Amino acid sequence: MAAALQVLPRSARALLRPLLLGSPGARLASGMALAEQARQLFESTVGAVLPGPMIHRALSLDPSNGQLKIQDRSFQLQQNLYLVGFGKAVLGMAAAAEELLGQHLVQGVISVPKGIRVAMECTGKQEMLLKPHSRVQVFEGAEDNLPDHDALRAALAIRQLAEGLTADDVLLVLISGGGSALLPAPIPPVTLEEKQTLTKLLAARGATIQELNTIRKALSQLKGGGLAQAAYPAQVVSLILSDVVGDPVEVIASGPTVASVHNVQDCLHILNRYGLRAALPCSVKTVLAQADSERRGPHTCGHVLNVIIGSNVLALAEAQRQAEALGYRAVVLSSAMQGDVKSMAHFYGLLAQVAGAYLTPARAGASVEDEQLHKLAAELQLPDMQLKEVLEAIAGARGPVCLLAGGEPTVQLQGAGKGGRNQELALRVGAELGRRSLGPVDVLFLSGGTDGKDGPTEAAGAWVMPELVNQATTEGLDVATFLAHNDSHTFFRHFQGGAHLLYTGPTGTNVMDVHLLFLQPR
């Protein structure tokens with residue numbers, strides 16, 4: 001638009017510029033178009049990490065001799081293949097695996113989220129469903145991503161299958177995000193309720209997924225290498241869809257096919273950090289006391305091949321490609337965004353202000369905000385982000401910019417509201433943008449969970465623009481009050497009739513969250 005104005009006489013440009021670029025109606029239309037692009041980009045990003053294509057890329061079967069190739073390893077299949085799985089994406093992974101390897105599959109057991117089959121049927125995602133006469137038994141459980149007795153039954157069925165295998169058998173293990181909650185098998189005398197209570201307390205106090213999984217492994221029969229031990233001496237192949245920053249196989253779903261490297265002292269250190277050691281049930285104290293002296297084996301897990309087949313890095317690479325096709329200068333910030341959601345929102349607010357200044361021709365040198373941004377980035381400890389290079393790329397852009405990131409921030413619960421980390425992050429970023437001077441640049445931020453479900457809500461996330469706080473105030477909605485109660489979903493449900501919520505339905509995959517920050521010079 002600005003380029004088109006340059007061909008007009010100066011007097012005409014002066015008359016038309018406020019009408020074309022500055023009017024509320026034009027700004028609203030621009031914002032809605034930007035929001036639609038953001039939604040489309042998020043959906044295409046998720047599409048790049050769907051289970052079926054990833055399984056087919058990872059596995060290669062020669063039907064003439066039954067040789068299964070995975071990376072540089074070969075496995076002889078002859079009606080000796082067994083399958084287990086647990087996670088939000090495992091239903092689609094199992095469907096793809098059975099389609100490819102079904103002639104050799106003897107039996108399978110998978111643990112998937114409650115209601116996922118009906119949800120896939122309702123959304124027409126037939127490729128995510130097992131065939132009517134499948135040899136794979138399906139257990140549904142872990143409602144709202146919390147371990148329950150249905151998931152416990154599934155875990156015990158998986159353990160029973162694994163324990164019956166021989167050295168001639170091959171066990172294909174399918175793992176994805178949400179797998180930890182879908183594979184609960186506490187070591188007696190710890191009960192499921194005791195373990196769940198401890199996990200909830202840790203999560204509510206801001207424990208990281210790594211810390212949560214360290215505790216879970218110490219209290220589990222199957223996590224921390226327990227499943228690999230149960231399946232020995234069978235050959236074990238784990239295909240893993242990563243939902244953890246950095247893709248550490250020992251952390252994803254609490255590492256059921258990876259020997260644990262943690263001991264009781266690591267657990268006690270975590271419990272002390274969050275002030276929970278004194279409140280432990282006697283059963284938990286008993287198991288922790290035994291954990292260090294009964295390290296899982298075989299220690300090397302030499303009979304196991306663990307393969308990452310999908311991750312947030314792959315999703316962001318696709319998002320970058322799609323954004324560039326839309327005409328944006330697309331830059332990946334980091335696939336390791338983690339830490340407190342308040343700090344992360346502050347980072348994105350500062351980044352939008354600094355990036356907006358870099359896109360303004362009259363920019364004069366480094367600002368105080370530049371220094372604050374670099375300091376905050378260092379505090380967030382983002383190992384894969386080169387902020388200097390990112391800002392140089394923005395400065396060199398000749399048009400709109402899309403900054404992409406992924407990860408999994410944490411929310412410290414202070415209220416009893418309803419929401420999820422993506423909606424809370426979006427709302428906090430909206431508040432940050434509203435209090436900053438962004439210059440003649442339209443800004444939009446979107447945060448969405450790739451599994452399509454943000455916390456105990458039906459939304460995947462939300463998108464915001466700098467006008468959010470002022471617009472909410474005119475509707476009688478106080479952003480600060482909703483944030484104080486961790487009630488982001490209720491806010492977005494009421495704000496502009498829910499137009500800012502991101503709905504995808506269950507996607508059948510899970511590679512953490514995706515954050516998109518759009519900056520479009522006017």
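This report describes strand pairing, helix burial, aromatic pairs, nonpolar cores and unusual backbone geometry in a predicted model.

**A parallel strand pair and its crossover**

Strand E5 (residues 105-113) runs parallel to strand E6, and the two are joined over 6 bridges, with Val-112 standing opposite Glu-140 of E6. Together with helix H6 (residues 116-122), these strands E5 and E6 make up a right-handed β-α-β unit. Of the 6 residues in E6 (residues 136-141), 5 are buried, so this strand is largely enclosed by the rest of the structure. In the loop between E6 and helix H7 (149-163) lies Ala-142, whose phi is positive, near 55°, although the residue is not a glycine. Ala-142 counts as buried because its relative accessibility is 5%, under the 20% cut-off.

**An enclosed helix**

Helix H17 (residues 421-434) has 14 residues, which at 1.5 Å a residue should span 20 Å, and the distance of 20 Å between its end C-alpha atoms agrees with that expectation. Because 12 of the 14 residues of H17 are buried, the helix is largely enclosed by the rest of the structure. The buried residues of H17 include Leu-425, Leu-427, Val-429 and Leu-433, and also Glu-424, Arg-428 and Glu-432.

**Aromatic pairs**

The structure holds 6 aromatic pairs. Two of them are set out below.

| Pair | Centre to centre | Angle between planes | Arrangement |
|---|---|---|---|
| Tyr-328 and Phe-518 | 5.3 Å | 70° | edge-to-face |
| Tyr-348 and Phe-445 | 4.8 Å | 45° | tilted |

The pair of Tyr-328 and Phe-518 links distant parts of the chain, 190 residues apart, since Tyr-328 sits in the loop between helix H13 (312-325) and strand E10 (329-337), whereas Phe-518 belongs to strand E15 (residues 513-521). Tyr-328 is buried, with a relative accessible area of 5%, and Phe-518 is buried as well, at 1% relative accessibility. The pair of Tyr-348 and Phe-445 also links distant parts of the chain, here 97 residues apart, with Tyr-348 in helix H14 (residues 341-358) and Phe-445 in strand E12 (residues 441-449). Tyr-348 is buried at 1% relative accessibility, and Phe-445 is buried at 0%. In addition, Phe-482, Phe-491, Phe-492 and Phe-495 form one aromatic cluster.

**Nonpolar cores**

In soluble globular proteins, nonpolar side chains tend to be buried together. The largest nonpolar core in this model has 56 residues, and those with the most contacts inside it are Phe-347, Tyr-348, Leu-351, Leu-403 and Phe-491. Helix H14 supplies the largest share of this core, namely 11 residues. Leaving aside residues up to four places away in sequence, Phe-347 touches Met-337, Leu-373, Leu-376, Ala-377, Leu-380 and Met-385. A second, separate core comprises 42 residues, among them Leu-61, Ile-70, Val-90 and Ala-95.

**Backbone geometry in the loops**

The peptide bond from Pro-188 to Pro-189 is cis, with omega near 10°, and Pro-189 lies in the loop between strand E7 (170-175) and helix H8 (192-204). Another cis peptide bond joins Tyr-232 to Pro-233, with omega about 15°; Pro-233 is found in the loop between helix H10 (226-231) and strand E8 (235-241). Ala-253, which is not a glycine, has a positive phi of about 55° and is located in the loop between E8 and helix H11 (264-273). With a relative accessibility of 7%, Ala-253 counts as buried.

How values were computed. Residues numbered from 1 in each chain as written. Predicted model: local features only at pLDDT ≥ 70, side-chain atom pairs only at ≥ 80, totals over all residues. Heavy atoms only, no water. Buried < 20%, exposed > 50% of the residue type's maximum accessible area, 1.4 Å probe, protein only. Helix = DSSP H or I, 4+ residues; strand = E, 2+ residues; numbered from the N terminus. Pairing = 2+ DSSP bridges. Right-handed = clockwise from strand over helix to strand, strands pointing away. Expected span 1.5 Å × (residues − 1). Phe/Tyr/Trp six-rings, centres within 6.5 Å; stacked < 30°, edge-to-face > 60°. Core = buried A, V, L, I, M, F, W, Y, C linked by side-chain atoms within 4.5 Å. Contact = heavy atoms within 4.5 Å.
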